[in-house]
Amino acid sequence: MIIKIANLLALLLSEAWFIKNPDFEPGILFIGFLSSLIYQEYNDYKNTHVEKNSFDKQLFTNFLNDLPSIGGGIEFIRDFDFSNSFPIDNLDDLRNFARNWDSAEHEFKNDELEKIRKELLQLIHQFSYDISMKSAPKHNGFQSVIPSHIEDWNLPDEIKQDIIHLNDLGDKIYLKHQELIRTATKQLHL
């Protein structure tokens, strides 16, 4: 910062000298200081961009570790039909993501990535709430949207709507998750 200020002062002094004495030497000096100031600004901009990009790359790596496309809750809700019973622990990484990624430490510096992360987080919060309200424990760690006292072949419309809603919400989460991955790959040049 001190170098920039000194450069700016030297630029102003060389401009004053050039105005008072329009000759070759003050003009060259003015152009030199102006070029130096432009280079310093560009370098600061580039370094800031590299730091932001580096932070976002690391955060994206953490995102993929915490919420991978394959082998976790994202794959489960993509493929699963909530008219069936399911192991509740299949949703652990979604619940952990909702709890842990709702903090300032997990915000992308890239505005587009951050917008998608917030939308994904909101969908997962909604899903977590809805699954807790629309399902109940069965046995051996299984959960079901269909209560034990209701036969599968005779489902009330409300239960059918709950199943459709959870399946649709699972699809939305999967698509938003994939959008974040595609956008990060493009924005972060991965």
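User: In this predicted model, does His189 count as buried or exposed?

Analyst: In this predicted model, His189 lies in the segment that follows helix 6 (157–187). The relative accessibility of His189 is 64%, and the cut-off for the upper class is over 50%. Because of that 64% value, His189 counts as exposed.

User: What is the phi value of Asn140, and where is Asn140 placed?

Analyst: Asn140 is a residue other than glycine, yet its phi is positive, near 55°. With a relative accessibility of 73%, Asn140 counts as exposed. The place of Asn140, with phi near 55°, is in the loop between strand 2 (136–137) and strand 3 (142–144).

User: What is phi of His189 near?

Analyst: His189, which comes in the segment after helix 6, is a residue other than glycine with a positive phi. The value for His189 is near 55°.

User: Which word describes the direction of helix 5 relative to helix 6?

Analyst: Helix 5, made of residues 111–134, packs with helix 6 at an angle of about 160°, and their axes are 9 Å apart. Since angles over 145 degrees fall in one class, the relation of helix 5 to helix 6 is therefore roughly antiparallel.

User: Which handedness does the crossing of helix 5 and helix 6 have, and how many nonpolar residues does their contact hold?

Analyst: Where helix 5 passes helix 6, the crossing is left-handed. By class, the contact of helix 5 with helix 6 includes 9 charged and 5 polar residues, and its nonpolar residues number 12.

Key:
Residues numbered from 1 in each chain as written. Predicted model: local features only at pLDDT ≥ 70, side-chain atom pairs only at ≥ 80, totals over all residues. Heavy atoms only, no water. Helix = DSSP H or I, 4+ residues; strand = E, 2+ residues; numbered from the N terminus. Buried < 20%, exposed > 50% of the residue type's maximum accessible area, 1.4 Å probe, protein only. Axes fitted to C-alpha atoms, helices over the stretch in contact; angles between N-to-C directions. Parallel < 35°, antiparallel > 145°, perpendicular 65-115°, else oblique. Left-handed = near helix turned anticlockwise from the far one by under 90°. Nonpolar A, V, L, I, M, F, W, Y, C, P; charged D, E, K, R; others polar.
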